[in-house]
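Thanks for sharing this one; here are my notes, set out as numbered points. I hope they are handy to read with the viewer open beside you.

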Amino acid sequence: MIREGMRVLVFSAHAADFCSRAGGAIIRFVNAGGTVHVHNLTYGERCESPALWAEDPDLALEDVKARRREEFEAAAGILGATIDCFDFGDSPLVLGPDRRLQLLDAVRRFRPDLVLSHWINDVMHPDHVETTQAALWACSYCNAGGIRTGNSPCPRPLVICYETTMGTSPVSGFVPDLYVDVSSVFEQKIEALKKLAAQPPLPEVYTVLNRYRAIEAQHMAGMSDCRYAEGFARIGKEPVV
């Protein structure tokens, strides 16, 4: 999945998703001379900022957003990626025609080789499903001359899905068919996750998950020296299990 000099665009429903699910891969893309840009669709201000709401239940949404922006900018900086936020509002995240066109224009502006987004059937978190449905639409029609946006049409990129919500794979049917060995950059990923302080469990949870994915990778992909891995799934492909 990782080749030298790739242009990688990441769609992330909430503030931390890009880092927890694909942070190690992002570092490896950057280390291979690639360029990675992340579009957060929301700040995760309502459903994914538990520590901030526990600290002060009366916080204004704009204050939560400001804290989350500081966090995800710091995390992205450690990964080596650039980042912005559409600020579409979470829970519910609703991406109608106008917003889908914004995603399509973002694809055209960046002209990626690869797009990473949530598992398309991450049904235990509807915001994630909404994100990838819109991202897939944008990537499917970014080459259509009849759809006019601020940027000119571009070739369709490859779309690959990253991890489902932790602990929900049996329900959502997420089975990796690609593994990225992140052993050499894992401490860097954890450093980035620690910047996302509004979600304190992330470092521990993804240490467990990435260790488990490494065990899978050892058995399923012959990656015998792998200690930490991230799992990915291609849409419409049979898993290699």
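**Notes on the model**

1. Let me begin with a loop residue, Asp87, which counts as partly exposed because its relative accessibility is 33% (buried means under 20% relative accessible area, exposed over 50%, and partly exposed in between, with a 1.4 Å probe and protein chains only). Asp87 sits in the loop between S3 and H4. Its phi is near 60 degrees, a positive value in a residue other than glycine.

2. Before going further, a word on the basis of these notes. This is a predicted model, in which local features need pLDDT of at least 70 and side-chain atom pairs count only at pLDDT 80 or more, while totals for chains, interfaces and linings use all residues. Residues are numbered from 1 along each chain as its sequence is written, and side-chain values use heavy atoms, with hydrogens and water left out.

3. The loop of Asp87 has another feature to look at. Ser91 and Pro92 are joined by a cis peptide bond, with omega at about 5 degrees. Pro92 belongs to the loop between S3 and helix H4 (97–110). At the other end of H4, in the loop between H4 and S4, you will find Arg111. Arg111 has phi near 55 degrees, again a positive value in a residue other than glycine, and at 39% relative accessibility it counts as partly exposed.

4. Now the chain as a whole. The protein chain has eight helices and seven strands (DSSP runs numbered from the N terminus: helices are H or I of at least four residues, strands E of at least two). Its radius of gyration is 17 Å, close to the 18 Å that the globule rule gives for 241 residues, so the chain is as compact as a globular protein of that length. That radius is taken over C-alpha atoms, and the rule is 2.2 Å times the number of residues to the power 0.38. Along the principal axes, the C-alpha atoms fill a box of roughly 50 × 45 × 35 Å.

5. On burial and surface: 54% of the 241 residues count as buried. The accessible surface of the chain comes to about 10400 Å², and carbon and sulfur atoms account for 51% of it (Shrake-Rupley method, 1.4 Å probe; for residues, only the protein chains shown count as cover). Of the contacts between residues at least 6 apart in sequence, 77% join residues at least 24 apart; contact here means heavy atoms within 4.5 Å.

6. Which strands pair with S7? Strand S5 (residues 158–161) pairs with S7 in the antiparallel sense over two bridges, and strand S6 (residues 178–181) does so, also antiparallel, over four bridges. Pairing requires that DSSP finds at least two bridges between two strands. Cys161 stands opposite Ala233 in S7, and Tyr179 has Gly231 of S7 as its bridge partner. Strand S7 (residues 229–234) is itself mostly covered, with five of its six residues buried.

7. S3 makes a nice contrast in sense. Strand S2 (residues 35–40) pairs with S3 in the parallel sense over four bridges, and the S3 bridge partner of Asn40 is Cys85. Strand S3 (residues 82–85) has a covered face, made of Ile83 and Cys85, and an uncovered one, made of Thr82 and Asp84.

8. Do have a look at Val10 in strand S1 (residues 7–12). Val10 counts as buried because its relative accessibility is 0%. Leaving aside neighbours within four places in sequence, its contacts include Phe18, Ile26, Val36, Val38, Leu116 and Tyr162. Val10 and Leu116 are 106 residues apart in sequence, yet their C-alpha atoms are 4.7 Å apart.

9. Leu116 is in strand S4 and, at 0% relative accessibility, is buried. Not counting residues up to four places away in sequence, Leu116 touches several residues, among them Val8, Val10, Ala22, Ile160 and Phe232. By contrast, the C-alpha atoms of Leu116 and Thr149 are separated by 22 Å, with their positions 33 residues apart along the chain.

10. Lastly, is His125 buried or exposed? His125 is buried, with a relative accessible area of 14%. It lies in the loop between strand S4 (114–117) and helix H5 (126–141). Outside its neighbours within four places in sequence, His125 is in contact with His14, Cys47, Glu48 and Thr165.
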